[in-house]
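Got the viewer open and a selection box ready? Here is a short walk through a few spots, with something to click at each one.

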Amino acid sequence: MPDGWRWDSTLFRGSAAHYERGRLPYAPGFAETLAGILGLDGRGRLLDVGCGPGIVTLAMAPYVAEVVGMDPDEDMLAEAERRAGRLGVGNARWVTARAEELPAGLGEFRAVVFAQSFHWTDRDRTAAAVLGMLEPGGAFVHISDLKNPPAPSAPLPLPAPPYERIAELVRRYLGPVRRAGQGTLLNGTPGREDLVLARAGFEDFERHVVPAGEMVDRPADAVVAWVFSRSDSAPHLFGDRLPDFERDLRLVLREASSDGRFAEHLPPTEIMTWRKPPGRR
């Protein structure tokens, strides 16, 4: 887990209602790409750990017999269930639990997915549990935005969101060290998933990048939702200063774009997979 940090239930408190509108989507076609990588054929089961409001869970639902979304935040799962109803997804199941509770009696899976959630877990413990839950040859999947993508060639038609100024404003309200629930992240979140998964016994690493690059129009309300969807600026962290923070945030956005419209390039999506050895039970 992150150095010096302990998980607590307030990590994303109040963020669920902002998540779908605030977060940029993964690259178009990421679900089809992942299904092709894994050879999904409508059978078997897929588990999405730390599923949030079910973005990846529901995108993968057409490719398996059952998807299970697991998250410790009940508000996130309520949002996921509402989204499943809107989309007409009938093969999704939702489980309130932390990754450290796996296998949690959930059974066997063809794939277990972590979409920008593995770094919040006790990774060695979680990886070992996942290995035991996968069918032979099954896959551990890590999905994230591609870090440091190549610079896009086309200019943006509108100003980009002023992320540096937003970060400065958050620090002014919450202090210089990144917040996370009731704790702080002195050294950020850990990387090198490859070492963790090798220790657990996974093999046959593959990396795939799904290109994106499309430009999306982001109204000011969507940028505000992005801020409140994050663990380091979740609404509860501001306490009774939340109205003041939102007022100042919207002022920053008005100064950056008088009509409250912004544009961004969608980042590519990085998919990394590791396999359980075929002969291992």
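The stops below go from a pocket to a helix beside it, then to two buried residues, and finally to another helix. Keep in mind that this is a predicted model.

**Stop 1: the second largest pocket**

Start by selecting A167, V170, R171, R230 and D232. Of the 17 residues lining the second largest pocket, these sit closest to its centre. The pocket's volume comes to about 290 Å³. Now colour the lining by residue class: you should get 9 nonpolar, 2 polar and 6 charged residues.

Which elements each supply at least two residues of that lining? Select α6 (163-174), β6 (178-180) and α8 (220-228) to see them. The largest share belongs to α6, with 7 residues.

Zoom in on A167 before moving on. It sits in helix α6 and is partly exposed, its relative accessible area being 28%. Draw a C-alpha to C-alpha distance from A167 to S233: you get 9.3 Å in space, although the two are 66 residues apart in sequence.

**Stop 2: helix α6 itself**

Select 163-174 and put a distance between the end C-alpha atoms of α6. They are 16 Å apart, and that agrees with the 16 Å that 12 residues should span at 1.5 Å a residue.

Next, show side chains for I166, L169, V170, Y173 and L174, the buried residues of α6. Look down the axis: they cover an arc of only 115°, which puts them on the same side of α6. There is a general reason to expect such patterns: an α-helix has 3.6 residues a turn, so residues three or four places apart point the same way.

Flip the view to the face turned away from that buried side of α6, and you'll find the exposed residues E164 and R172. What covers the buried residues? Among the covering elements are β6, α8 and α9 (242-256). One more click, on G175: this residue follows α6 and has a positive phi, near 100°.

**Stop 3: A180 and S231**

Slide over to A180, in strand β6. Buried or exposed? A180 counts as buried, because its relative accessibility is 0%. Leaving out residues up to four places away in sequence, A180 touches W5, D8, L11, W120, L185 and S231. For contrast, try a distance to A198: A180 and A198 are 18 residues apart in sequence, yet 28 Å apart from C-alpha to C-alpha.

From A180, hop to its contact S231. You'll find S231 in the loop between α8 and α9. With 4% relative accessibility, S231 counts as buried. Expand the selection to its contacts, again skipping residues up to four places away in sequence: S231 touches L11, F12, W120, R178, R179, A180, G181 and L237.

**Stop 4: helix α2**

For the last stop, select residues 30-38, which make up helix α2. Where are its buried residues? Show F30, A31, L34, A35, I37 and L38. Seen down the axis of α2, these fall within an arc of 160°, so they line one face of the helix.

Then bring up the partners. The buried residues of α2 pack against α3 (55-60), β4 (109-115), β5 (134-145), β8 (203-210) and β11 (269-275). Finish on G39, just after α2, where phi is positive at about 65°.

Key
Residues are numbered from 1 along each chain as its sequence is written. This is a predicted model: local features need pLDDT of at least 70, side-chain atom pairs count only at pLDDT 80 or more; totals for chains, interfaces and linings use all residues. Side-chain values use heavy atoms; hydrogens and water are left out. On a 1 Å grid over the protein atoms alone, a cavity is a set of points where a 1.4 Å probe fits but cannot get out, and a pocket is an open set with protein on both sides within 12 Å along at least five of seven lines; lining residues have an atom within 4 Å of a point. Grid points are joined across faces, edges and corners, and a volume is the space filled by probe spheres set on the points. Helices (H or I, at least four residues) and strands (E, at least two) are DSSP runs, numbered from the N terminus. Ala, Val, Leu, Ile, Met, Phe, Trp, Tyr, Cys and Pro count as nonpolar, Asp, Glu, Lys and Arg as charged, and the others, Gly among them, as polar. The expected span of a helix is 1.5 Å times one less than its number of residues. Buried means under 20% relative accessible area, exposed over 50%, partly exposed in between (1.4 Å probe, protein chains only). The arc is that of the directions from the helix axis to the C-beta atoms. Contact means heavy atoms within 4.5 Å.
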